[in-house]
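Colleague: I am new to this structure and would like a close look at a single part of it. Could you take me through the empty space in the model, and then through what lies around that space?

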Amino acid sequence: IRLEYSSGDWDQGIDADLNMLVQYNLRTQHKIAERPETRKVLQLTNFPIGKSPPVVYLTGQKSICLGKTETDVLREYLTEKHGMLFADNGGSAAWHSQFFSLMRQVLPGVEPIEVPLDHPVHRGMPFLPIVAPHGGTKAYGWVVDSRLVAYYHPGDIGDAWADGHAGVKPTVYEACYVLGANVMLYAHAEYSKWVQARRKEDK
């Protein structure tokens, strides 16, 4: 699910999402929807605890500014509903700064960390694939209770998912697909463990 927001170009390169969804299916054999979906941030409240999407995707390059209610909803999704945010800088240093500012509002007191290559989301990857270093060359994450609740990619990974792969080398766009699948798989695995633990508590 891609998140919609009113302040910028949330739908940048949206056709590439289907390619990533198909690649996720090929690499994990998990069932997928026929097409990706989009939701406004406030619509995350429509999902009850235990039945919300394990991961949502956020990208753009112009601007990103959410209101207080939206940041509260996103915080609840990440912490209370055990979701994960996968963010990708689609093309500007400004979006980079605005995203970090947004996360300070969403998760006050949680400092971003550089995500190392030996983290599960980078499994099987000898390097971090960068299409263009709009936000640098390091991936950052926000950790709550030992779980990565938000992952930020600085270099337009979504552009490599598109049909033309942004003109990058096969090794780069292949790594971009691997990274996308890894993040989604990590989110689903963490969500599944949480749901199972909740069921045991309810018995």
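Modeller: What follows is a walk through the pocket and the cavity, and then through the salt bridges and a surface patch. Please keep in mind that this is a predicted model. Rolling a probe the size of a water molecule over the atoms shows where empty space is left.

The largest pocket has a volume of about 530 Å³, and among the 22 residues that line this pocket, those closest to its centre are I1, L21, V55, M184 and H188. Three elements, namely α1, β3 (55-60) and α5 (170-202), each supply at least two residues of the lining, and of the contributions to this pocket, that of α1 is the most, with 4 residues. Sorted by class, the lining of the largest pocket holds 15 nonpolar, 2 polar and 5 charged residues.

As for closed space, the count comes to 1 cavity of 30 Å³ or more, and the largest cavity has a volume of about 30 Å³. The residues lining this cavity are L3, Y5, V41, L58, L66, L74 and L102, and by class they come to 7 nonpolar, with no polar and no charged residues.

Turning to the charged pairs, a search of the whole structure finds 8 salt bridges. One of them joins the side chains of E4 and K40, at 3.5 Å from N to O, and this pair links distant parts of the chain, since E4 sits in strand β1 (residues 2-4) and K40 in strand β2, 36 residues apart. E4 counts as buried because its relative accessible area is 16%, which is under 20%.

Other pairs lie within a single helix. D72 and R75 form a salt bridge whose closest N and O atoms are 2.9 Å apart, and because they are 3 residues apart in helix α2 (residues 68-79), about one helical turn separates them. In helix α5, K193 and E190 form a salt bridge with closest N and O atoms 3.0 Å apart, and there too the two residues, being 3 residues apart, are separated by about one helical turn. K193 is exposed, at 52% relative accessibility, whereas E190 is buried, with a relative accessible area of 18%. Salt bridges that share partners also join K68, D72 and R75 into one network.

Lastly, on the surface, V22, L26 and I32 make a nonpolar patch of about 230 Å². I32 belongs to the loop between α1 (16-28) and β2 (38-40), and it counts as partly exposed because its relative accessibility is 32%.

Methods. Residues are numbered from 1 along each chain as its sequence is written. This is a predicted model: local features need pLDDT of at least 70, side-chain atom pairs count only at pLDDT 80 or more; totals for chains, interfaces and linings use all residues. Side-chain values use heavy atoms; hydrogens and water are left out. Patches are made of residues with over 30% relative accessible area and no salt bridge: like charges are joined within 9 Å, nonpolar side chains (Val, Leu, Ile, Met, Phe, Trp, Tyr) within 5 Å. Accessible areas come from the Shrake-Rupley method with a 1.4 Å probe; for residues, only the protein chains shown count as cover. A salt bridge is a side-chain nitrogen of Lys or Arg within 4 Å of a carboxyl oxygen of Asp or Glu. Buried means under 20% relative accessible area, exposed over 50%, partly exposed in between (1.4 Å probe, protein chains only). On a 1 Å grid over the protein atoms alone, a cavity is a set of points where a 1.4 Å probe fits but cannot get out, and a pocket is an open set with protein on both sides within 12 Å along at least five of seven lines; lining residues have an atom within 4 Å of a point. Grid points are joined across faces, edges and corners, and a volume is the space filled by probe spheres set on the points. Ala, Val, Leu, Ile, Met, Phe, Trp, Tyr, Cys and Pro count as nonpolar, Asp, Glu, Lys and Arg as charged, and the others, Gly among them, as polar.
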